[in-house]
Amino acid sequence: RGLGDVYKRQVYANDLLIKDTGSVIGPVEADKVEVQGHLEGKILAKTIIIGANGVVKGDILFSESLKTEEGADITGYIKKTESTSLEAAQNEFKLDSIEARESKDKDKEKSKKGRPKIVASN
């Protein structure tokens, strides 16, 4: 394929390096991922590095370490996980999201009752 082609598939690897001119669309599952280019999809890895020119549009799930350099562009949720498979990590992530949403809803209900919440005071 030519230089301008973009592959849209799930990627499994031990180590994945997306260089400055590289682009991946789809979920990635690896031991180590380094993004210097563009990645659009979920990432699950033990170690993730997002370089200064790296762009990630998707959730980031890591089990050991995450390094982002100044200038990295990330649009998505970031979570440290114990899971080693993308499916298990996503299920864990969804559970946390549901629990956080339920907690937030309860806080809203509490704030509606009783005295008004003071936002600012002189």
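## A walk through the strands

Start by selecting Q10, which you'll find in the loop between β1 (7–8) and β2. Keep in mind as you go that this is a predicted model. Is Q10 buried or exposed, or something in between? With a relative accessible area of 37%, Q10 is partly exposed, because that value falls between the 20% limit for buried and the 50% limit for exposed. Now add G41 to your selection: it sits 31 residues from Q10 along the chain, and the two C-alpha atoms are separated by 9.0 Å.

Zoom out for a moment and switch to a cartoon view. The protein has ten strands and one helix. Follow the chain from the N terminus and you'll pass through β-β-β-β-β-β-β-β-β-β-α. There are 122 residues here, and 30% of them count as buried. If you turn on the surface, its accessible area comes to about 8700 Å², with 48% belonging to carbon and sulfur atoms. Among contacts with a separation of 6 or more, 11% link residues 24 or more positions apart.

Next, pick out strand β2 (residues 11–18) and strand β4 (residues 28–35). These two pair in the parallel sense, over seven bridges. For a single example, click L17: its bridge partner in β4 is E34.

Stay on β4 and add strand β6 (residues 43–50). Once more the pairing is parallel, with seven bridges between β4 and β6. Which residue of β6 stands opposite V35? Select I50, and you have it.

Time to look inside. The largest nonpolar core has 15 residues, and V33, I43 and I48 have the most contacts within it. Strands β2, β4, β6 and β8 each supply at least two residues of this core. In soluble globular proteins, nonpolar side chains tend to be buried together.

Center the view on I43 and show its neighbors. Leaving aside residues up to four places away in sequence, I43 touches V28, V33, I48, V56, D59, I60 and L61.

One of those neighbors of I43, D59, makes a good last stop. Look for D59 in the loop between β7 (55–57) and β8 (60–68). Why does D59 count as buried? Its relative accessibility is 13%, so it falls under the 20% cut-off. To finish, select Y77 as well: its backbone nitrogen lies 3.0 Å from a polar atom of the D59 side chain.

Note on methods
Residues numbered from 1 in each chain as written. Predicted model: local features only at pLDDT ≥ 70, side-chain atom pairs only at ≥ 80, totals over all residues. Heavy atoms only, no water. Pairing = 2+ DSSP bridges. Helix = DSSP H or I, 4+ residues; strand = E, 2+ residues; numbered from the N terminus. Buried < 20%, exposed > 50% of the residue type's maximum accessible area, 1.4 Å probe, protein only. Polar contact = N/O pair within 3.5 Å; in protein donor to acceptor, adjacent residues only side chain to side chain. Core = buried A, V, L, I, M, F, W, Y, C linked by side-chain atoms within 4.5 Å. Contact = heavy atoms within 4.5 Å. Areas by Shrake-Rupley, 256 points an atom, 1.4 Å probe, with all protein chains shown as cover.
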